[in-house]
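Here are a few exercises to work through with the model open. Grab a pencil and your viewer.

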Amino acid sequence: MTISRGDYERAVSVIRGQTPFEPRVGLVLGSGLGGLADTLSERVVIPYCDIPGWPQSTVEGHSGQLVFGYLEGKPVVAQQGRAHFYEGYSMQQVTFPVRVMHLLGVQTLILTNAAGGVNKDYHTGDLMLLSDHINLPGMAGNNPLSGPNDPTFGVRFVGMVQTYDRALRKLARDVAERVGVPLHQGVYACVSGPNFETPAEIRMLRAIGADAVGMSTVHEVLVARHAGMRVMAYSGITNECFDSPDIDMETNHEEVLDAGKLIVPRLTAILRGVLTAL
Ligand code: HPA
């Protein structure tokens, strides 16, 4: 089923019925990383279930509400939890919130996710700023921009070279250095999930240039760039990826959520610095 502009506008008018807040920055907070939204001032909270068309997340670690408020004096809207393709939503449904944020006036979208560390130098608790991505579901035909193009949002063929805003990346790295939080910069590989990767898949991802792997973000980035939003994204490295089947280890969602607790304070320090400078 194609989602049309009227569907996004209905969601916007329900939100507008609850708050006149005009956010300029959108935050998407991934698995175990939602805590940042609790620190916004003058908060207005709208549960996703109150917004028509908004996909509900069924995953533990995603609380499912939209939070408006100020972060370092800047008007922001934060998605506390997101829906994923592997939950059975279409790519258009998964990215529904991005177009709603765009229509609410968001010009800069900051996305976060939990990711596995593919790069051997990455460790649990590290942060990676995305410089680029590899969209495996997209390359296999699952792309939110497939289907008829709505030119009121953007062009048919979106350029992807200037995806992760260079000025914002420089700002993030300067802030990270100033606040003393180590920040990698690398390539995020998007997979569909919900299973974690096999060791052979991890070796393949490493060989094609991925530094981190996760199940989100990239589809939202495509829709945001289609609409001309500036984009910045971070992976919290929640687990090591195992590249051999001959070890007594397994990847699991609990370690992903546990590592989130380690990552939130570091991410918060960087994002506060970035928001101050925006
Ligand atoms: N693989 C894919 N997605 C993830 C991982 C992982 O290892 N960790 C957190 N999200």
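Two strands count as paired if DSSP finds at least two bridges between them. Keep in mind that this is a predicted model.

**Exercise 1.** Work out how strand 3 (residues 65–71) sits among its neighbours.

*Solution.* Start on one side: strand 2 (residues 41–47) pairs with strand 3 in the antiparallel sense, over five bridges. One bridge to look up there joins Ile46 to Leu66 of strand 3. Now turn to strand 4 (residues 74–80), which also runs antiparallel to strand 3, with seven bridges. Here Gln65 has Gln80 in strand 4 as its bridge partner. Next, check the link: strands 3 and 4 make a hairpin with two residues between them, and Glu72 in the turn has a positive phi of about 50°. Finally, burial: five of the seven residues of strand 3 are buried, so the strand is largely enclosed by the rest of the structure.

**Exercise 2.** Check whether the length of helix 8 (residues 253–277) fits its residue count, then look for a bend.

*Solution.* The helix has 25 residues, and at 1.5 Å a residue it should span 36 Å. Its end C-alpha atoms lie 34 Å apart, which agrees. As for the bend, helix 8 turns by about 40° at Ile263, and Pro265 follows within four residues.

**Exercise 3.** Describe how helix 1 (residues 5–16) packs on helix 3 (residues 96–103).

*Solution.* First the geometry: the angle is about 65° and the axes are 9 Å apart. The crossing is right-handed. Then the contact: helix 1 contributes residues including Tyr8, Val12 and Ile15, while helix 3 brings Phe96, Arg99, Val100 and Leu103.

Methods:
Residues are numbered from 1 along each chain as its sequence is written. This is a predicted model: local features need pLDDT of at least 70, side-chain atom pairs count only at pLDDT 80 or more; totals for chains, interfaces and linings use all residues. Side-chain values use heavy atoms; hydrogens and water are left out. The expected span of a helix is 1.5 Å times one less than its number of residues. The bend at a residue is the angle between axes fitted to the seven residues ending there and the seven starting there. Buried means under 20% relative accessible area, exposed over 50%, partly exposed in between (1.4 Å probe, protein chains only). Axes are lines fitted to C-alpha atoms, for helices over the stretch in contact, and angles run from 0 to 180 degrees between N-to-C directions. A crossing is left-handed if the near helix is turned anticlockwise from the far one by less than a right angle, and right-handed if clockwise. Contact means heavy atoms within 4.5 Å.
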